[in-house]
Amino acid sequence: MGKVMIFDHPLIQHKVSLMRDKNTASKEFRDLAREVAMLMTYEITRDLPTKEVEIETPICPARVPILAGKKLAIVPILRAGLGFVDGMLEIIPSARVGHVGLYRDPETHEPVEYYCKLPEDIDQRKIIIVDPMLATGGSAIAAVDFVKEKGAKDIALMFLIAAPEGIEALTSKHPDVDIFIAAKDDHLNEKAYIVPGLGDAGDRIFGTK
Ligand code: PRP
Ligand code: URA
């Protein structure tokens, strides 16, 4: 059974609050997305295995822990997930990056696929799917379907803001995945936008509206 973790770190909370503000312009929004991605990645990677190696410090020989080589893949859901990739790669530079292209049909709110390119050895990697918003859950469920079809087994998802409806839908369909979020909001409105949310994440990042 996967876990749902809400990061209540004050720095993460502060930065997400700035992102929610409608007066925060795209450049600042992108900078904040990068910073929050770094902070959340630091928390998400807390359980990565380590192994001891022998080195020499300037003082003496020592056995010290290093990462045990768990292979990672970051999979942003296009397009808004792209805003988080650079920050994540700053913390885990050796991670591979796959892409899943999905958009929500404005009428039905159902996800429509337009792109999927994943690392070949995805079955041997820990996958972190990233998207700022978990609203109805349709896009996230489709993204997990894709990576599972390609063989992924160890899957986590990272969102800035999640609606209770999305968490319920995603955990019901994929109970084995871990979910990391910065904030759980109140509900979805009639257009399936998260309330209070931050608006359309893709438009906020790329300045398209
Ligand atoms: C947004 C967001 C998620 C999706 C969440 O993308 O980035 O991918 O909506 O909604 P859901 O949980 O109801 O599926 P959008 O479809 O607006 O595409 P975009 O990133 O290209 O703007
Ligand atoms: N997608 C967004 O970008 N924002 C929402 O509130 C819901 C879906």
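In the predicted model, helix 1 passes helix 2 in a left-handed crossing. Helix 1 comprises residues 10-20 and helix 2 residues 26-44, and their axes, which come within 10 Å, cross at roughly 155°. Because angles over 145 degrees count as roughly antiparallel, helix 1 is described as roughly antiparallel to helix 2.

The residues that form this contact can be listed for each helix. Helix 1 contributes Leu11, Ile12, Lys15, Val16, Leu18 and Met19, which meet Phe29, Leu32, Ala33, Glu35, Val36, Leu39 and Met40 of helix 2. Sorted by class, the contact of helix 1 with helix 2 contains 11 nonpolar and two charged residues, with no polar ones. The charged residues are Lys15 in helix 1 and Glu35 in helix 2.

A second packing arrangement involves helix 4 and helix 5. Helix 4 spans residues 138-149 and helix 5 spans residues 164-173; the two pack at an angle of about 25°, and their axes lie 9 Å apart. Since angles under 35 degrees count as roughly parallel, helix 4 is roughly parallel to helix 5. Helix 4 passes helix 5 in a right-handed crossing.

On the side of helix 4, the contact is made by Ala140, Ile141, Val144 and Asp145, and on the side of helix 5 by Ala169, Leu170 and Lys173. The residues of the contact of helix 4 with helix 5 comprise five nonpolar and two charged, and no polar residue is among them. Here the charged residues are Asp145 of helix 4 and Lys173 of helix 5.

Notes. Residues are numbered from 1 along each chain as its sequence is written. Chains are lettered from A and ligands numbered from 1 in the order in which they are written. This is a predicted model: local features need pLDDT of at least 70, side-chain atom pairs count only at pLDDT 80 or more; totals for chains, interfaces and linings use all residues. Side-chain values use heavy atoms; hydrogens and water are left out. Axes are lines fitted to C-alpha atoms, for helices over the stretch in contact, and angles run from 0 to 180 degrees between N-to-C directions. Helices (H or I, at least four residues) and strands (E, at least two) are DSSP runs, numbered from the N terminus. Angles under 35 degrees count as roughly parallel, over 145 as roughly antiparallel, 65 to 115 as roughly perpendicular and the rest as oblique. A crossing is left-handed if the near helix is turned anticlockwise from the far one by less than a right angle, and right-handed if clockwise. Contact means heavy atoms within 4.5 Å.
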